[in-house]
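Got your viewer open? Let's take a short walk through an annotated site, one selection at a time.

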Amino acid sequence: MRIQIVMSLVGRLLYIFGIFTLIPFIYSVVFETAYWSFLITTGISFGLGGLLSYYGKESQSFSLRDGYLVVSATWILTVILGSLPFLGSGILVNVFDALFEATSGITATGATIINSVDDLPNTFVLWRGLMHWIGGMGIIVLILSFLKNLGADAAHMFNAEASVPKPGVVMPRIQSMATKLWRLYIVFTGVCFLMLWAGGIEPFDALNYAFSIISTGGFTPTSAGTFVYEQNNYICFVFIFFMILAGGNFSVYYNALHKGIRILIDDFETRMYWLVILIGIIIIGLSLALQSTINDPIQIIRDASFNLVSIQTGSGFAVSDYDLWPAAAQMMLFISSFFGGCSGSTTGGVKIIRLIILIKSSIIYLRKSIHPDMVQVVRINGKPMPTKWIQMTQQFLFLYLMIYVISVFLMTCTGLSTYDSMQVITAFLSNVGLGFGGFGPTDSFGAMPDSAKCIAIVDMILGRLELFTILVMLHPQFWEGYFIKKQSSKRYRVL
């Protein structure tokens, strides 16, 4: 049965996730009271992984359909496993709360239901940051850097985790690419940690902030979050720099390191990403300068840059209460939450590459309306974009809007107002983790009813996996052949 190939892969992935759950357990044994719930989670991960591997079947031949199932199963199982330490230790007693926190952590959304992070043991602060870091680059990309000899078909798992167009990526070398991306990810995290530590942040907090910044997550090691650094220009601009860095394409960064900075400058998506951020900062800065009581130019630039970059990249930090800002500045923040960063980044949202494709294809459509016989294609970095990517981008936007509308409606059915429903769904589906009003930068999502948390969990996973990976499994034909034994190819001669 083809399902056995999927079971074998998922089992091997759970082994590796189980190793990561040992890290907070070891920390708790050395620095705090031993939290055995982490060790139990490790045992469950190993046990379930062993069971799936035993009944599974190894193969080097995978289809894109297999990739969808492996990715979806892995993310759902890791969310469940990630919630067990909270439940087993009594830190969170509500199942929905634990699942919400784990989902928000692993999808790097950063929304929290915990009202006082200061009351959390450091072990769980570390686990929240570690979940961000594991899920930021992508669990499958992480796993591919560990597992060897999967063959060229491993590219299907890479495609399934993020359906965003990836111009220039060579699929047969995807395992090598995964290893290189994670090395770069580790380097960025290390440099960010050192710069925060140099700025006076305690090493433990600096590490957790680095986990959260590079993964564009949003969990913080203190209840005050980043508000305590509002007057520290050095820390604020370190945050801004690395949030922008994390929102860029890591593949382009790797090529730039080997072929020169010109690669980064020549990449059209990167340039548009920087331009969108710059325009947003200018609009918010002008709004604050003209419509608020803030008179310090440095504060205006710092606050506008920090909050805009944080929300656009889905980092989920705030250095000032933007609920007190003029309406135009708030609207710019709300719009930017849909944009996201580049393809190959740790951000959520629509992604800049999709916006480029949609804008260019719309311009071409308008030109063809005037000149019907004109032949023109969408080009990115001088290369024609395949028609299937244009169609997929258009379908993504349609599905995104459809899921957004349905989710907002369902959220209103739980008792939330239309305004709150719209802004929290934006926060979840775009993996931003920050809202406005009652769910703004100074509030938690703990006040939501359990039914609303269930909707949020689904939307966070859908947003992180780019919609298609989960939705494709709802089609009945997806499951054809998975639970049927392959017929023997032997032929018998009739005498």
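Which side chain makes a polar contact with the side chain of Asn431? Keep in mind as you look that this is a predicted model. Select Asn431 and Thr109 and show their side chains: the two make a polar contact at 3.0 Å.

Now widen the selection. The unreviewed UniProt entry carries a "binding site" annotation that covers Thr109, Gly217, Asn431 and Val432. They span 324 residues in sequence, but no two of their C-alpha atoms are more than 8.2 Å apart, so they gather at one spot. While you have them lit up, click on Val432: this residue is part of the lining of the second largest cavity.

Stay with Asn431 for a moment. Trace the chain and you'll find Asn431 in the loop between α18 (418–429) and α19 (450–464). Asn431 counts as buried because its relative accessibility is 3%, under the 20% cut-off. Show what surrounds it: beyond its neighbours within four places in sequence, Asn431 touches Thr107, Ala108, Thr109, Gly314, Gly348, Met460, Gly463 and Arg464.

Next stop, Gly217. This one sits in the loop between α9 (203–214) and α10 (233–246). Is Gly217 buried or exposed? It's buried, with a relative accessible area of 0%. Setting aside neighbours within four places in sequence, the contacts of Gly217 include two other residues you've already selected, Thr109 and Val432. Add Ala108, Gly110, His132, Ser212, Gly314, Ser315 and Gly316 to complete the set around Gly217.

To finish, color Ala108, Thr109 and Gly314: they are among the contacts of Gly217, and also among those of Asn431.

Notes: Residues numbered from 1 in each chain as written. Predicted model: local features only at pLDDT ≥ 70, side-chain atom pairs only at ≥ 80, totals over all residues. Heavy atoms only, no water. UniProt positions renumbered as here; feature names shortened; annotations may be inferred. 1 Å grid on protein atoms, 1.4 Å probe; cavity = no way out; pocket = protein on both sides within 12 Å on 5 of 7 lines; lining within 4 Å. Helix = DSSP H or I, 4+ residues; strand = E, 2+ residues; numbered from the N terminus. Buried < 20%, exposed > 50% of the residue type's maximum accessible area, 1.4 Å probe, protein only. Contact = heavy atoms within 4.5 Å. Polar contact = N/O pair within 3.5 Å; in protein donor to acceptor, adjacent residues only side chain to side chain.
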